[in-house]
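Student: I have a list of terms to get straight. Can we take them one at a time and check each against its rule?

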Amino acid sequence: MIPCKHSSKMKIGLRYICVLMTLGLLSFRSVKHDFHTSLTEMKYNPSSNSFEITMRVFTDDFQLAIEQSSGKKNIVLNDEVLEPFVKKYLNKHFAFVKGKEVKFANYLGIEAEPDVSWIYLELPYSKELESYSILNIVLMDLFDDQNNLLNLLKDGGRHTLIFAKDSKLQSYPR
């Protein structure tokens, strides 16, 4: 390599730029997002004859929802003490409905990271479930612009449902 008389200044300049970029990226973590969307995947598992459900939500939004519904402050979503409050919230906001009959998914756990949390649920499958409608109003009690997307994957097919304040209940896709 050919030595350059500016190489030490360039290294300092590059380090300075890298530090500024890192600080800039870290500061984005604390900025509130302008959109409110969750993504849920319901994937049929034939070996267990059940739907494996993964719900992705913004951590700060879900944390606020649990704080408001539980009356607790400064919570940590991964805390096992909160499990009953998370279950209660999900049962109120995510269900399968047919007339007065309601089926709830079994809560398996949550993985909360600073930006995004993954909520894991499971629902035993039966042909009867296909006559139910799906209710997905997660976080709609907090944000008027909340949209919840649900991808249902079964038998090689993919159906996407979009839940919003004017479409909180959707028919099971055929």
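Student: Which residue of β7 stands opposite F96?

Tutor: I134 does. This is a predicted model: local features need pLDDT of at least 70, side-chain atom pairs count only at pLDDT 80 or more, and totals for chains, interfaces and linings use all residues. Residues are numbered from 1 along each chain as its sequence is written, and side-chain values use heavy atoms, with hydrogens and water left out.

Student: What makes β3 and β7 a pair of strands?

Tutor: Strands are DSSP runs (E, at least two residues), and helices are too (H or I, at least four), numbered from the N terminus. Two strands pair if DSSP finds at least two bridges between them. β3 (residues 94–98) and β7 (residues 133–136) share four bridges, so they pass the rule. Their sense is antiparallel. A95 also has a partner in β7, namely L135.

Student: How many bridges join β3 to β4?

Tutor: Three. The rule asks for at least two, so β3 and β4 pair as well. β4 covers residues 101–103, and the two strands run antiparallel. One bridge sets F96 opposite K103. β3 and β4 make a hairpin with two residues between them. In that turn, G99 has a positive phi of about 60°.

Student: Which strands are the edges of the sheet with the order β4-β3-β7-β10?

Tutor: First, the sheet itself. Four strands form it, it is open, and the pairing is antiparallel. Its edges are β4 and β10 (169–171), as each pairs on one side only. Neighbouring strands are turned by 30° against each other on average, direction ignored.

Student: What is the pairing in the sheet of six strands?

Tutor: Mixed. The order is β5-β6-β2-β1-β8-β9, and this sheet is open. β5 (106–112) and β9 (157–163) are its edges. From one strand to the next, the twist averages 15°. Within it, β1 (residues 37–45) and β8 (residues 147–154) pair in the parallel sense over seven bridges. M42 stands opposite L152 in β8.

Student: At what angle does α2 run to β2?

Tutor: About 100°. Axes are lines fitted to C-alpha atoms, for helices over the stretch in contact, and angles run from 0 to 180 degrees between N-to-C directions. α2 (residues 59–70) lies across β2, β5 and β6. α3 (residues 83–93) lies across β3 and β7, at about 40° to β3. α3 also lies across β2, β5 and β6, at about 115° to β5.

Student: How do you know that K103 and E128 form a salt bridge?

Tutor: The rule wants a side-chain nitrogen of Lys or Arg within 4 Å of a carboxyl oxygen of Asp or Glu. The closest N and O atoms here are 3.9 Å apart, so the pair counts. K103 is in β4 and E128 in the loop between β6 (116–124) and β7, 25 residues apart. By this rule the count comes to four salt bridges.

Student: Why is K103 called partly exposed?

Tutor: Buried means under 20% relative accessible area, exposed over 50%, partly exposed in between (1.4 Å probe, protein chains only). K103 has 30%, so it is partly exposed. E128, at 37%, is partly exposed too.

Student: Is each side of the salt bridge between E130 and K127 buried or exposed?

Tutor: E130 has 15%, so it counts as buried. K127 has 60%, so it counts as exposed. Their N-to-O distance is 3.1 Å. D155 and K154 form another salt bridge, at 2.7 Å. D155 is exposed at 65%, while K154 is buried at 17%.

Student: What makes a set of residues a nonpolar core?

Tutor: Its members are buried Ala, Val, Leu, Ile, Met, Phe, Trp, Tyr and Cys residues, joined through side-chain atoms within 4.5 Å. The largest one here has 38 residues. F51, F62, F94, I119 and L121 touch the most other members. β2 (residues 50–58) gives the most to this core, with four residues.

Student: Which residues does F62 touch, leaving out those up to four places away in sequence?

Tutor: V57, L77, V86, Y89, L90, I110, I119 and L139. Contact means heavy atoms within 4.5 Å. In soluble globular proteins, nonpolar side chains tend to be buried together.
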